[in-house]
Amino acid sequence: MATTHFFKPTLLLASLLLAVIMGCSKPTNHPVIENEEAYFEVLFDSNENINPSTPTNPSTVVIWTYNTCEVPFRIRGKGLDKIIAKLEPESNANNFISLITEKRSTIKESSSELEERNYSLRFKANSGSTPRTSVLMVTDAKKHTLSIKLIQVTGTKVTPQPARVLALSYMAHYNVGKTPGTWATNNHTNTSGYFDYNSAKTVAPEGFHTPTAKELSAVFSSREAIFLSSAIPYNVINDLEEVTIGNKSYAVFSSYHSKNGVSYAIKNMPIPQAISSLADKTTLEPLRNYSYLAAYRYTMVKDYYSKQDSSLVHVKAIYLGEKYQNITLEEISNEQFWNNPQGEYEERWLPACGLLTTPNDTTPTDKDIRAAYWSTSTFGVAYARYLYFSRLYSGSNVKSHRSVKMTIRPFVNHE
């Protein structure tokens, strides 16, 4: 299955086949989880006609799901009050899919004078291994109809995954849901569960686990070196970090460069042989090769549904390895590097769900403003470490009292 990208609302989908998994380049290396952000769209031309031949309008959409989920799509053009979108009833006899029209269905875009109508396709979990199909029919005012075949491919059990070299690939695509052992159905800020530290250690779905602080540090900065608030460039060079990737733990160097609301990093660099001992700084074995070398990009983006400016943390990683061992921070801080990735890459979106600061809280503090994700790593008797992310900065080694309730982003189990 091809790697999928997140299409911002101003961009058009140019693929006939959309595999709905965030950043999945090899399906055999990933748990079967659907992707909320990789929505598709149907376009009308200036005469309010559907053009089935245009590559923008998909003929088939493949949805990989592990749990019940919603996959959004939208229709853009003119005269949207005249269109009809419906599911073909014959292929939906078991009612495994339903069509939902969003309440805020029509949005005027003054720059392009196009209208936009949002929908969601709600898929029920499939207990079998046989793909299920349905057909989405979109008809315009002149009775032109576009048929989109929907194929739901489902897995019922996630098995331990083979070793991989890109740390981000171990991170699940969704948070734990409101019920322990389940997935949030999307990456909105209102669908995740909140758990105190003791509960957080055991709530991940089968085949996954709540990560340690070192696992999170392999993806984020352990020393709060990711800054997204200042227009003035900020660098952290050769920061010593303790990371876990799969079942291997190492001491590594990582370097960060932040500017204009985006932070870039070259992570998991080897410790030079000239540095023979780090006993005074870490007990971990120094990494001496480029096996896990990767470039990372961090930013906070607007949620497509809630329209909140900073409600999603977007992380993108490109594997570098020995081939690109001499790449510089300046080179990876060029957006062209990220627009045309060479080789394996992964993307994840983490909702800024805030946190419940006291046991009796029911309304999250700082929802859509900051993210707080538990790790299983302790700090003293009453505290534990967690991942923090806001418009200001990010760190994967922050500490909090264990009674605070936070969200969980599981990592896949490894062999």
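This is a short talk on one sheet, one histidine within that sheet and one phenylalanine in another strand.

A word on the source: the model is predicted.

Let's begin with the sheet. Six strands build an open sheet, ordered β13-β14-β15-β16-β17-β18. The pairing is antiparallel. At the edges sit β13, residues 234-245, and β18. Each of those two pairs on one side only. On average, neighbouring strands are turned by 20 degrees against each other, with direction ignored.

Now two pairings inside that order. First, β15 with β16. Strand β15 covers residues 262-269, and β16 covers residues 294-301. They run antiparallel and are joined by 5 bridges. For a register check, take A265: its bridge partner in β16 is Y296.

Second, β17 with β18. This pair is also antiparallel, over 7 bridges. Here the register point is V313, which stands opposite L350 in β18.

Stay with β18. What is its burial count? Of the 7 residues in 345-351, 7 are buried. Think about the faces for a moment. In a regular strand, side chains alternate between the two faces of the sheet. In β18, both faces are covered. One side carries Y345, E347, W349 and P351. The other carries E346, R348 and L350. All of these are buried.

On to the histidine. H314 lies in β17, which spans residues 312-319. Is H314 buried or exposed? Its relative accessibility is 10%, and the cut-off for buried is under 20%, so H314 counts as buried.

What does the H314 side chain meet? It makes a polar contact with the side chain of E347, at 2.9 Å. E347 is one of the buried residues of β18. Leaving out residues up to four places away in sequence, H314 touches R297, Y298, T299, V301, E347, R348 and W349. Of that list, R297 is within the residue range of β16, and W349 belongs to β18.

Last stop: F227. This residue is in strand β12, residues 226-227. Its relative accessible area is 26%. Buried needs under 20% and exposed needs over 50%, so F227 is partly exposed.

Which residue, 165 places away along the chain, has its C-alpha 5.9 Å from that of F227? That is L392. L392 is also among the contacts of F227, along with Y234, S258, V262, S263 and Y393, again not counting residues up to four places away in sequence. Y234 falls in the range of edge strand β13, and V262 falls in that of β15.

That's the tour. Happy to rotate the model for anyone.

Conventions:
Residues are numbered from 1 along each chain as its sequence is written. This is a predicted model: local features need pLDDT of at least 70, side-chain atom pairs count only at pLDDT 80 or more; totals for chains, interfaces and linings use all residues. Side-chain values use heavy atoms; hydrogens and water are left out. Helices (H or I, at least four residues) and strands (E, at least two) are DSSP runs, numbered from the N terminus. Buried means under 20% relative accessible area, exposed over 50%, partly exposed in between (1.4 Å probe, protein chains only). A polar contact is a pair of N or O atoms within 3.5 Å; within protein, one must be able to donate a hydrogen and the other to accept it, and residues adjacent in sequence count only if both atoms are side-chain atoms. Contact means heavy atoms within 4.5 Å. Two strands pair if DSSP finds at least two bridges between them. Axes are lines fitted to C-alpha atoms, for helices over the stretch in contact, and angles run from 0 to 180 degrees between N-to-C directions.
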